[in-house]
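Here are my notes for you, set out as numbered points. Please keep the model open as you read, and look at each part in turn.

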2 protein chains.
Amino acid sequence: MNIAEYMQRIGQQARSSARPLASSTTLHKNAGLQAIAQYLNDQQDQVLAANAEDMRAAEAEHLDSALLDRLELTPARYEDMLDGLQQVIDLPDPIGEILGMRYRPSGIQLGQMRVPLGVVGIIYESRPNVTLEAAALCLKSGNAAILRGGSESLRSNQALARAIHAGLQSSGLPLHAVQVLETRDRAAVGRLVSMPEYVDVIVPRGGKGLIERVSAEAKVPVIKHLDGICHVYIHADADLDMALRIAMNAKTHRYGVCNAMETLLIDSNLAASMLDRLVPAMQSQGVELRGCPRCLELCPNAMIPATEDDWRTEYLAPILSLRIVDHVDAAMDHIDTYGSHHTDAIVTNNLDIARRFINEVDSSSVMVNASTRFADGFEYGLGAEIGISTDKFHARGPVGLEGLTSLKWIVLGNGQIRGG
Amino acid sequence: MNIAEYMQRIGQQARSSARPLASSTTLHKNAGLQAIAQYLNDQQDQVLAANAEDMRAAEAEHLDSALLDRLELTPARYEDMLDGLQQVIDLPDPIGEILGMRYRPSGIQLGQMRVPLGVVGIIYESRPNVTLEAAALCLKSGNAAILRGGSESLRSNQALARAIHAGLQSSGLPLHAVQVLETRDRAAVGRLVSMPEYVDVIVPRGGKGLIERVSAEAKVPVIKHLDGICHVYIHADADLDMALRIAMNAKTHRYGVCNAMETLLIDSNLAASMLDRLVPAMQSQGVELRGCPRCLELCPNAMIPATEDDWRTEYLAPILSLRIVDHVDAAMDHIDTYGSHHTDAIVTNNLDIARRFINEVDSSSVMVNASTRFADGFEYGLGAEIGISTDKFHARGPVGLEGLTSLKWIVLGNGQIRGG
């Protein structure tokens, strides 16, 4: 296979599908998604069989158990995947919404219309359910999709692609509205991220390595987040019960997620009483604690010293770094210096301090008296999310259907001319 | 001067000014802009003298007359510049606006807050008035600015920078909120566009060459438009008087602007009667006509044949290409194939056709029965514009204060935890 020619063809097919898809009605897009659901339902055995083949090959290559777990499609996961599809069908269609329509002094009527971005390229690792999730979000938002999954899940993805194509075909949507790449060649990714004439945005989903690689090579915009170094700051006027509950949830609810807390900042005024309760609670969950010198002084046997590196590390593990600070300014300085602008929370009942934290912390989600774990497309009511963005440009934070759209200006007149 | 070290220092100073500037009140920012206006007023003689020096040097180097014209600051232009600054002071402050605040089922309150992008780098050519315009728009939207003007206007820009700094200092805004580069070295531009740690977005303002160069090198997002190949399509159900008025305005109101019409598409049903009136009107304005074969058949002596290249050319001159098409689909295909997704208009009284054109034409501004010349920040009520974007990501079309902002999520709770 000549990869350059292959990707050129894929790109052209996506671009030429994007225009008819963009002007498809909500009913038509939903009918297409419903047809895909039906085919996926009918072809469950074939998809699971393809996945079993992928699993056998991966085991034979001794891939690690975390990867095998992500790769596996069980009947229960298959059902979850179909539930997720149904949720996307039920979401409101963002396309065509007209915002701020108003008359201008010249008599023209001006507004902004929400439109698809065009062609979305999604690059992901082993989880085959991303194939369906990404396809559904792109179709619903009127975007053509080019999907490139991990090479170990190629058979699973091809089986899913067959059901998706059958659904597109039977509903009369453009057949190339969703294309799943059929090659394991890494060069295909290099082409995908450098065809601005065919691809409008790239969404990498996976580990930091994948995202860094894609970002470095990309010649089209990328929706991404690299790190989730999230903080909770317990202010002097915090309710101790609430602070404990939020800190425990933010750290221990799930460890391997980007919105988990990695560093806890505690105001010096309540550090002693807070640590008295927090340390045993974290220890009972098996969380390793790494503290600043002042923390170590208060609890010399409960933690090891935190290094400069600790403040910059996304553990994604039962490890927590702790630091005592004297004021909200010191907390915000720490967050600004070491954070990743993902999600940061304060626990306080002081309105002035809460307002300052909200205004001054420059993160994609800023929270008062709530767990960082809420930074999530489902919790925010966006439906599924295609990713979380820590960039400031375009979409920021959880990216759902709206993040896959743009606004164009529309003008209605009755013959207006400039300067006339 | 070591450019790498110099730019590193400029970048750090901008980044550290961005946080205090972002949380400055509207009153404070307006007071700063007002102080700048006062210093500019007081220092007019010095600025004009610096500009006269730039002019003498440019004349000695035999720079072309168009460039000399753009470089010159006359007292009248100086007054216009100060008027523009006053308009920015009068614009509403976009920062801090909270959108869509709502309760979620978990009890958290969720909304989006409009915040500055952070640090904006602006690269422009000879016009010194851009220095003030860009500084004012960035300050008002809470963004630190790094400005790099054309080397031939360095003295003018430095004189303007002195007034800007005096205003910043006297009003207590961060002194490095606006920095004007003091070097003519091209390497400074290369650094400016590849410091994502210090610069959040680049806005190139100038000719296509500048924009292409900046885009190719940039490692940070760029707000740009490359071409303005704008179309007017006269549909079969158009009012002929209105069509003529709009076509004449779109082509002849100003030639060198990006929202001028370059190609006129005429429905075959009214081509003969339209050309009968349009051709002499364009000829009386000295507009050269280049037609498709069907146009040439109707008016063999009035035009020369249009080549494939003509459809892709932004003339920025009194030249118009003309094509007869059979249907709105043919018109939209032409626009999709040859256009630059800037601004395209239809003239029609047919509601169904107007709706299709608005929905299906993928341009930053799509117009019905109005001149393409309206695609402009002032006409759209955005106040000054920092540029026009033909990208789909982030801001699209005329970019004013709002295009220099982003939305972060904010969450207020009273102790909510996930899954709790």
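1. Let us begin where the chains meet: strand 16 (residues 405-416) of chain A runs parallel to strand 13 of chain B, and five bridges pair them. A:Gln416 has B:Ala370 as its bridge partner in strand 13 of chain B. Helices (H or I, at least four residues) and strands (E, at least two) are DSSP runs, numbered from the N terminus, and two strands pair if DSSP finds at least two bridges between them.

2. A word on conventions. This is a predicted model, in which local features need pLDDT of at least 70 and side-chain atom pairs count only at pLDDT 80 or more, while totals for chains, interfaces and linings use all residues. Residues are numbered from 1 along each chain as its sequence is written, with chains lettered from A and ligands numbered from 1 in the order in which they are written.

3. Stay with strand 13 (residues 365-370) of chain B for a moment: six of its six residues are buried (20 or more other C-beta atoms within 10 Å of a residue's own; exposed means 12 or fewer, partly exposed in between, with C-beta atoms placed from the backbone). Strand 12 of chain B also pairs with strand 13 of chain B, in the parallel sense and over four bridges. There, B:Asp344 is matched with B:Val366.

4. Which sheet do these strands belong to? They sit in an open sheet of ten strands with mixed pairing, in the order 1(A)-2(A)-16(A)-13(B)-12(B)-7(B)-8(B)-11(B)-9(B)-10(B). Its edges are strand 1 (98-103) of chain A and strand 10 (304-305) of chain B, each of which pairs on one side only. Helix 14 (residues 328-338) of chain B packs on this sheet, touching strand 7, strand 8, strand 11 (319-325) and strand 12 (343-347) of chain B, and its direction makes about 140 degrees with that of strand 11 of chain B. For such angles, axes are lines fitted to C-alpha atoms (for helices over the stretch in contact), and the values run from 0 to 180 degrees between N-to-C directions.

5. Further along the same sheet, five bridges join strand 7 (residues 230-234) of chain B to strand 8 (residues 261-267) of chain B, again in the parallel sense. B:Ile234 finds its bridge partner in B:Ile266. The loop between strand 7 and helix 10 of chain B holds B:Asp239, which is partly exposed, with 16 other C-beta atoms within 10 Å.

6. How many residues does each chain give to the contact? Chain B gives 55 residues and chain A gives 55 residues, where contact means C-beta atoms, placed from the backbone, within 7 Å. On the chain B side, at least two residues each come from strand 2 (109-116), helix 10 (240-252), helix 15 (351-360), strand 13 and strand 16 (405-416). Strand 16 of chain B gives the most, with eleven residues.

7. Chain B also has an open sheet of four strands, ordered 5-4-3-6 with parallel pairing. Strand 5 (178-180) and strand 6 (201-205) of chain B are its edges, each pairing on one side only, and the twist averages 15 degrees from one strand to the next. Strand 4 (residues 144-148) of chain B is joined to strand 5 of chain B by three bridges, and B:Leu147 stands opposite B:Val180.

8. Helix 1 (residues 3-22) of chain B lies across strand 3 (119-124), strand 4 and strand 5 of chain B, at about 145 degrees to strand 4 of chain B. The buried residues of helix 1 of chain B include B:Met7, B:Ile10, B:Ala14 and B:Leu21. The buried residues cover an arc of only 140 degrees around the axis, which puts them on the same side of helix 1 of chain B; the arc is that of the directions from the helix axis to the C-beta atoms.

9. Lastly, the largest nonpolar core has 144 residues, and A:Ala135 and B:Ala135 are among those with the most contacts inside it. Such a core is a set of buried Ala, Val, Leu, Ile, Met, Phe, Trp, Tyr and Cys residues joined through C-beta atoms within 7 Å. Beyond its neighbours within four places in sequence, B:Ala135 is in contact with B:Ala145, B:Leu147, B:Ile164 and B:Val178.

Definitions and conventions: Contact = placed C-beta atoms within 7 Å.
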